[in-house]
Amino acid sequence: MNKHHHLLLRGASSLTVSLCKRSGPTHLPPAGPLFPSSGAGGTTTAATIVSNFFSRHHHSTLTSPHHHLPKTARMSTTTPSPVDLIEQSKRLAAFQSVTAHLVPFPSRTRIGIGSGSTVIYVVEAITTLVPPTTLSTMTFYPTGAQSEQLIESAGLNLQYINKLPPGTLLDVCFDGADEVDPNLNLIKGGGACLWQEKIVATSSKKFVCVADFRKMSPALGTMWKKGIPIEVLPLAANRVLGELERMGSLGPKVRPGLPGKAGAVVTDNGMWIVDAPFRPLRVEGTSDKEKGEWQVDELADALIKIPGVAEIGLFYGKNGNQAGEGGAQKPVEAYFGMEDGSVKVLSA
Ligand SMILES: O=C[C@H](O)[C@H](O)[C@H](O)COP(=O)(O)O
């Protein structure tokens, strides 16, 4: 990993830090209580899992931003709520990932913007860190209605992925995830946006995942227990459910739209979402299908072949470094905002 990825976001005490060396506002929450000591906020279980995860796998803890030294560092005596802690974690990861992957802000960069709550901070980081003259030359590609609105609200140049000429790639795509395993396989689609997300990610030279500490996992299905989101043609939903049960899924269901909408969730593409829980997916090795135990790639290859399945929320296979010319579903890096105010990076 490059040295410039090592940014200071960790202090002996709770800190509020600015991530930008340019004069201007503090880029993280203005007065806030930032991160308490480990274990606060009811996250002991997650902290333990995270600790075990990173003791066994390649990772980096970001510890020093030589070019983005904090402008302010305020002591805090209050403890953030668990929700604040999670939001702060997402924001830290977002600023760090944008700093690492958009510096030194090349003009005319084409950027994919994912969906969900974490990418809101990615857009905030981009608009905060990139100089306006450069920002005005950049183009942003959404992954659904939410990110389209996000891009427009931020005053950024919006373009659609169907306008990208054949043989052309976006420079980078930033997106969240519901769960990340040590090999950078992902579960996505908790917000029902997986299909366009996969199209944009595979249309990018590199995909950068931004998340908080809850998303790190030793095996997909460990932390995200709602099941693998699968986008299906509505008329095929029952057929798909039956096939999933036959494959060992533990109670697959069509995702309900309530309380916002009666009936099923309808995606931006007019499809339904089936959530299919499986036993935690093996990172390596082979499947033991008789026991309903699957290896990530084998399950993904089987799911995508079910008639009626439009796309699956497993992002697997190659990453951008391996694929070279696009088509990669896995991120080249995943940034995790941690409970203690640090950011961990899992690199391909
Ligand atoms: O369908 C939703 C997307 O895959 C999101 O990127 C994913 O659910 C993570 O969302 P959040 O950042 O809100 O946790």
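Cys209 is a good place to start: at 0% relative accessibility it counts as buried, where buried means under 20% relative accessible area, exposed over 50% and partly exposed in between, using a 1.4 Å probe and protein chains only. Keep in mind that this is a predicted model, where local features need pLDDT of at least 70 and side-chain atom pairs count only at pLDDT 80 or more, while totals for chains, interfaces and linings use all residues. Residues are numbered from 1 along each chain as its sequence is written, and side-chain values use heavy atoms, leaving out hydrogens and water.

How far is the sulfur of Cys209 from the closest cysteine sulfur? That sulfur sits in Cys173, 9.6 Å away, which is too far for a bond. Cys193 is buried too, with a relative accessible area of 13%. Its closest cysteine sulfur is in Cys173, at 13 Å, so no bond there either. With a disulfide taken as a pair of cysteine sulfur atoms within 2.5 Å, the count comes to zero.

Next, look at Glu197 in helix H6, residues 194–202. Helices here are DSSP runs of H or I with at least four residues, numbered from the N terminus. Glu197 is buried, at 3% relative accessible area. Leaving aside residues up to four places away in sequence, it touches Gly114, Ser115, Thr143, Asp175, Lys188, Gly189 and Phe315, a contact being heavy atoms within 4.5 Å. As for Ser115, its backbone nitrogen lies 3.4 Å from a polar atom of the Glu197 side chain.

Finally, there's helix H2, which runs over residues 82–102. H2 is mostly covered, with 17 of its 21 residues buried.

How values were computed: Helix = DSSP H or I, 4+ residues; strand = E, 2+ residues; numbered from the N terminus. Expected span 1.5 Å × (residues − 1). Polar contact = N/O pair within 3.5 Å; in protein donor to acceptor, adjacent residues only side chain to side chain.
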